[in-house]
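The exercises below are to be worked with the sequence and the 3D view open. Each task is followed by a solution in steps.

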Amino acid sequence: MIDLRAMFGLESTTLSASVKEKLAKHYKTIHVSTDQMFAALMLLQWVGGVALALFITPLTWIGAESQLHPHVMMAVLGGGLLAAMPVLMTIFRPGTLATRMVIACSQVLFSSLLIHLSGGRIETHFHVFGSLAFLAAYRDPRLFPPATLIVAADHLVRGVWWPQSVFGIVTASEWRWLEHAAWVLFENAFLLIIIMQSRKIMLELAIHTDRLEQRESELENAIQEADRANRTKSKFLANMSHEIRTPLNGILGFTEVLIRDRQNIDDEEMEEHLHTIRRSGKHLLTLINDVLDLSKIEAGQMSIQSVLCSPHQIISDTVSVLRVTAAEKGINLDYRWDSPVPDTIKTDPYRLKQLLLNIVGNAVKFTDQGSVLIVSRIVETDSNANLHMEVRDTGIGIAQDKLDAIFKPFVQADDSVTRKYGGTGLGLAISKKIAEALGGNLTVVSRLGQGTVFSIDIAAGEISHPVEERELQHHPGADIKGKTTQSHDLHHLSILVVDDGDTNRKLLRLLLERGGAKVRLAENGEVAVELALQVPFDAILMDMQMPVMDGYSATTRLRERGYQGEIIALTAHAMSGDREKCMQAGCSGYLSKPVDADELYRLLGNLNLKPQDSTSKSSSVEHRESERSEPAVIHSVLPTNDDEIREIVLEFLDTLENKVVEMQLAWDAGDMDALSQLAHWLKGSAGTVGFNCFTAPASELEKVAKVGDTFQASGPLKTICDLKRRVVL
Amino acid sequence: MPQPFFQTKLFWNVLLATWGLFASAGWFWVMQYSLTGTVTVGLDVPTRWPEGSTLEKNPTGPTILMFVHPRCPCSIASLRELERVQAAASSLKDRQPKWLIIAAVPSNADSKWRESRLLSQAKVLPNTEVVWDLAGVEAQRYKAITSGDVRFYNEHGQLLFSGGITTSRGHEGASKGGDQLIALLSDGNRSMVTTAPVFGCQLYQISDVAPNQSLKAHEVASKHEEGLNP
């Protein structure tokens, strides 16, 4: 259907608000400026009319007597009256329809007046046509009917009132009157066409301008975005430059020192320098990997697999990797499931682990006290299933206005963050992209100074056979595969870990202690030999590349001195022939670095070790033995399939995290009163929600804390910590 | 804060209505003034060429007299219309009329009267004689009181037309009186006197009229009410 309104340039309802606004603004400008032109014209016509009257008919005569001609009075009074209202309305009500209407009527009345004042000169009649044409400047067709009617009424009323004046001969004058009207209508028709064309052009202009403005705005935004990106990249480059320079300086500086002063450097110093170089190199590698990752992601080259994998394994691996760092910082890192644990889901395990490592690593990095907890659950709908993971920390938090920015590449919440915590500012950007690539999203809520919760959602694809929670081995060593841990118990073993790397030593100690072993540490072969000859160990985990005395020499020396125990070589050289070299030196086992926890447990378990010294078993080991008799996972005895009870138990588990951290802090600070109160709370609350296992240790803790016995408190506190890791919904 | 009254819609509506009323009244006043002329019927205009007239009648054809006030601005339109009538009469060959413009001037008239714009235009009209009428004696004789008043006498001295030849006051263009004159020129044998309103200044003051002259003061006064006065 033809849109007549649009055809004639009238506002269509389909127009956007901004186009309508532009059109209205344009019309308003035209109306106001035309009002002003007409107001000026009115005044000019008034003055002109008076001048005309004074020139043509200044006086009227009665014989020799003269007086002012009435035309002059008409020009002054009539012209003034006609001009006054349009001028007033132009001043006080510019741009309104009423003002235009008054001006239109006034203008044709002025024509009438001027025609009379000029003695009806035919030339003055052109004023009518000129006025109508000038009114077209308003582009408002509504003005023509009243103006035309006044012209017609002027003739009509004269014909009725003063019939003798209407062109003398009645019949002829009627035709001439009609002819007059016809000519006016003829002009009106042309003006109307011009007005409609003009309105249509204005409409097109408004649409065009609107589009241009939109594009300009988009362009402006794009430029700003590009500028911002450019600034950010420059900042990032400066940051990267600094970040790269720092480890590079370390590498080059210490390499230089080693080359020049090799003879003057003692072994310990050299070891330290080499460690620094290695650490710096690793840091550089991380940086470069991050940049490459992001480049790949941004270039759309990130390949995503979709394979069946165990989310539990991925989470526990992540926790395993980061637990050492967390332990070094004195914070607790753990995880739990709030839903039945799926055996497998279909996703990209490598990317999911990368994502988790980033997020959990960040959480650990920005948490100086308290804990980091990963809470996972499967959310199933009719059509699909998602793996939802929350990484909750009690760290420094993020300001609300920075929450969006942290996901942008090269941006960190604050420059001071970069200075204090390091990093490239790429981790979260990469993580978000990965989460999206895995069919989900990464979001964050945070409160400055109180902590942050990152929520990871990824598509879980096909979920296979949810594992019953009772089967899940979720105990302090849950980051090690359950089956392995169960079948290879290390509780009776005494193990010496020899490694020059502090981190490696700590990691191995942690893994072994979780298995129940008693662990001693040595930082090089020399110390190891000395120690092993004094204290009997069931096994020695020997790093083969060490300063002072390497693993080969140490093993050879130990064998020479009659050491009969197991020596398991640890080497980063995963080359064929390396194993043989180790065996030749006297090693009885072989593990390649990085050490796989499963492999470690499996190997130690397969050695059929017997305790070297049963007296060396501490009471804590016995305590652990007693714990082993408990189920690995502790459930609430309440019916948690009831939603409300489930909610209450979940709430308790959340609170428990913080309370246990508070207990540890109180114990660290020697605040026995606080510890007593916390123990009291636990004693009451845990039983209420169906975790009776806490009652006895909490009771004991309360008792010893009340008497202020810090030493005695450590036992039940440790039990509580262990139990806490085992409780699930 | 309440809106000032002069900014309210009511104020502007009232103002607009008042303005419309005054504009209509003004228009009516202009029309009334412009379209009301002097009607010569009842002025006792001589139906036969007056015997005492100093003006000379055309013995062979019609004589057309136009009485004018030399300084009347509205009578310029009457001259224009007379020019139109003359143009129409130019086709007549044997019965060419005699055209007389009688300028009524005061007895003490100076050059401003004798060299007025109106008379300058009158003098250039073809075959037209401008006659000075001191103190409006002839005008009074022919009972003409308004500038632009025309008389048409045929060769027998019989009055066939008396009145104005403009459509309104000072308004140029075809008029009823002009058309009647043209009709008479082509057919001078009519016996009925036709007439049309006259629009112009008063040719003389009533006080100038001599007691023995036939125009009665009260008659002039009564005609003034019909629009003689400006």
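**Exercise 1. A salt bridge within one helix**

Task: state where Glu225(A) and Arg228(A) lie and how far apart they are in sequence, then describe how their side chains meet.

Solution. Step 1: helix H7 of chain A spans residues 170-260, and both Glu225(A) and Arg228(A) belong to it, three residues apart, about one turn of the helix. Helices here are DSSP runs of H or I with at least four residues, strands are runs of E with at least two, and both are numbered from the N terminus.

Step 2: the two side chains form a salt bridge at 2.4 Å, N to O. The term stands for a side-chain nitrogen of Lys or Arg within 4 Å of a carboxyl oxygen of Asp or Glu.

Step 3: Glu225(A) has a relative accessible area of 40% and is therefore partly exposed. Arg228(A), at 38%, is also partly exposed. The classes are buried (under 20% relative accessible area), exposed (over 50%) and partly exposed (in between), with a 1.4 Å probe and protein chains only.

A note on the source: this is a predicted model, in which local features need pLDDT of at least 70 and side-chain atom pairs count only at pLDDT 80 or more, while totals for chains, interfaces and linings use all residues. Residues are numbered from 1 along each chain as its sequence is written, chains are lettered from A and ligands numbered from 1 in the order in which they are written, and side-chain values use heavy atoms, with hydrogens and water left out.

**Exercise 2. Buried salt bridges**

Task: are Arg336(A) and Asp338(A) buried or exposed, and which residues share a network of salt bridges with them?

Solution. Step 1: the closest N and O atoms of Arg336(A) and Asp338(A) are 2.9 Å apart, and the pair forms a salt bridge. Both residues are buried.

Step 2: the network that holds this pair also takes in Glu390(A), Arg392(A), Asp654(A), Glu657(A) and Lys724(A).

Step 3: in chain B, Asp149(B) and Arg151(B) form a salt bridge with closest N and O atoms 2.8 Å apart. Asp149(B) and Arg151(B) are both buried. Over all chains the structure has 19 salt bridges.

**Exercise 3. Two buried residues in helices of chain A**

Task: describe the surroundings of Thr555(A) and of Pro697(A).

Solution. Step 1: Thr555(A) sits in helix H16, residues 551-560. Its relative accessible area is 0%, so Thr555(A) is buried.

Step 2: the side chain of Thr555(A) comes to 2.6 Å from the backbone oxygen of Gly551(A). Beyond four places in sequence, the contacts of Thr555(A) include Met542(A), Ile567(A) and Cys587(A). Contact means heavy atoms within 4.5 Å.

Step 3: Pro697(A) is part of helix H22, residues 695-706. Pro697(A) counts as buried because its relative accessibility is 8%. Beyond four places in sequence, Pro697(A) touches Pro716(A), Thr719(A), Ile720(A) and Leu723(A). Leu717(A) lies 20 residues from Pro697(A) in sequence, with 7.3 Å between the C-alpha atoms.

**Exercise 4. The interface of chain A and chain B**

Task: how many residues of each chain are in contact across the interface, and what area is buried there?

Solution. Step 1: the contacts join 43 residues of chain A to 42 residues of chain B.

Step 2: about 3800 Å² is buried between the chains, and carbon and sulfur atoms give 71% of that. Buried area is the accessible area (1.4 Å probe) that two parts lose on being put together, summed over both.

Step 3: strand E1 (59-62) and helices H3 (70-92), H4 (97-117) and H6 (144-161) of chain A each supply at least two residues of the side that touches chain B. H3(A) gives the largest share, ten residues.

Step 4: the rule finds zero salt bridges across this interface.

**Exercise 5. The two chains**

Task: list the helix and strand counts of chain A and of chain B, and the buried share of chain A and of chain B.

Solution. Step 1: chain A has 23 helices and 16 strands. Chain B has seven helices and six strands, in the order α-β-α-β-α-α-β-α-β-β-α-β-α from the N terminus.

Step 2: of the 729 residues of chain A, 48% are buried. For the 230 residues of chain B the share is 55%.

Notes. Polar contact = N/O pair within 3.5 Å; in protein donor to acceptor, adjacent residues only side chain to side chain.
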